[in-house]
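I opened the notebook to go through charged pairs, pockets and surface patches in turn, and I set down below what I looked up.

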Amino acid sequence: MTTLLYINANPLEPHESMSLAAAEAFLGAYREARPQDEIVRLDLYRSYIPALDADILRGWNALRSGTAFEALPTDAQRKIARLNEIVDQFLAADKYVFVSPMWNFSYPPVLKAYLDALCAAGKTFRYTAEGPVGLVLGRKALHVQASGGVYAEAPASANDFGHLHLRGVLGFIGVDAVERFGVEGHNQFPDRRDAIRSEAIDRARTLARHW
């Protein structure tokens, strides 16, 4: 069975959000096209995603030096255990859909915390004499991102740091097939807001049928 992990980094509901409206349309069409696939939802705003902090960094250093996990402080155990759960869930999936708004040329901080969790040496990448090598192979990802302006083409695309960073992190761990699905311009062109939403929903449904 193929598993699709749907990672939502938007705090709003689909009727309030361009990115979620398109992503939910994508999921609906995907279910129709591949009813045998499993879809797992991860809402980052409603889940515990530990941000890297002193507890985690000191805990990792202690583990590397031979300290037993059970000997770590309680907070370090709890946070590191959750990070391991996040990575295991990611590794269990075959496809990924990331949903986020563009905020100030990037994405919400909770998505950065999630991507930090995915960079786990020995699980999603390993170091070699030639440098780091990604271990999450044979997967693909879709990034559904809404932005008030238009960033699909140069020179504005150089400021799409959210997608560039997401693609860079996923490529680092081995996921090199990362597609960008932009829903753009609803603030720049407010008179076209409804049309932009409708067009994005139609494009998302079309994409899902062969993704």
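I began with Arg 180, which in this predicted model is partly exposed, with a relative accessible area of 26%. I then looked up its partner and found a salt bridge with Asp 160, in which the closest N and O atoms are 3.0 Å apart. Asp 160 lies in the loop between S6 and helix H5 (161–172) and Arg 180 in strand S7 (residues 177–184), so the pair ties together parts that are 20 residues apart in sequence. Buried or exposed, I asked of Asp 160? I noted a relative accessibility of 3%, and because buried means under 20%, Asp 160 counts as buried.

I next noted that salt bridges with shared partners join Glu 13, Asp 43 and Arg 46 into one network. My search of the whole structure for salt bridges gave twelve.

I turned to pairs within helices. In helix H4, Asp 116 and Lys 112 are four residues apart, about one turn of the helix, and they form a salt bridge whose closest N and O atoms are 2.9 Å apart. Asp 116 is partly exposed at 23% relative accessible area, and Lys 112 is partly exposed at 36% relative accessibility. In helix H3, I found Arg 78 in a salt bridge with Asp 75, the closest N and O atoms being 3.7 Å apart; these residues are three apart in the helix and thus separated by about one helical turn. Arg 78 is partly exposed at 43% relative accessibility, as is Asp 75 with a relative accessible area of 39%.

For the pockets, I entered about 350 Å³ of space for the largest. Its lining holds 16 residues, of which Trp 60, Arg 64, Cys 119, Ala 120 and Ala 121 lie nearest the centre. Helix H2 (54–64), helix H3 (74–91) and helix H4 (109–118) are the elements that give two or more residues to this lining, and H2 supplies the largest share, five residues. By class I recorded eleven nonpolar, two polar and three charged residues.

The second largest pocket has about 190 Å³ of space and is lined by 16 residues, with Asn 10, Pro 101, Trp 103, Ala 146 and His 186 nearest its centre. This lining divides into seven nonpolar, seven polar and two charged residues.

Last, I looked up a nonpolar surface patch of about 260 Å², made by Phe 105, Phe 161 and Leu 164. Phe 105 sits in the loop between strand S3 (95–101) and H4, and is partly exposed at 36% relative accessibility.

How values were computed: Residues are numbered from 1 along each chain as its sequence is written. This is a predicted model: local features need pLDDT of at least 70, side-chain atom pairs count only at pLDDT 80 or more; totals for chains, interfaces and linings use all residues. Side-chain values use heavy atoms; hydrogens and water are left out. On a 1 Å grid over the protein atoms alone, a cavity is a set of points where a 1.4 Å probe fits but cannot get out, and a pocket is an open set with protein on both sides within 12 Å along at least five of seven lines; lining residues have an atom within 4 Å of a point. Grid points are joined across faces, edges and corners, and a volume is the space filled by probe spheres set on the points. Ala, Val, Leu, Ile, Met, Phe, Trp, Tyr, Cys and Pro count as nonpolar, Asp, Glu, Lys and Arg as charged, and the others, Gly among them, as polar. Patches are made of residues with over 30% relative accessible area and no salt bridge: like charges are joined within 9 Å, nonpolar side chains (Val, Leu, Ile, Met, Phe, Trp, Tyr) within 5 Å. Accessible areas come from the Shrake-Rupley method with a 1.4 Å probe; for residues, only the protein chains shown count as cover. A salt bridge is a side-chain nitrogen of Lys or Arg within 4 Å of a carboxyl oxygen of Asp or Glu. Buried means under 20% relative accessible area, exposed over 50%, partly exposed in between (1.4 Å probe, protein chains only).
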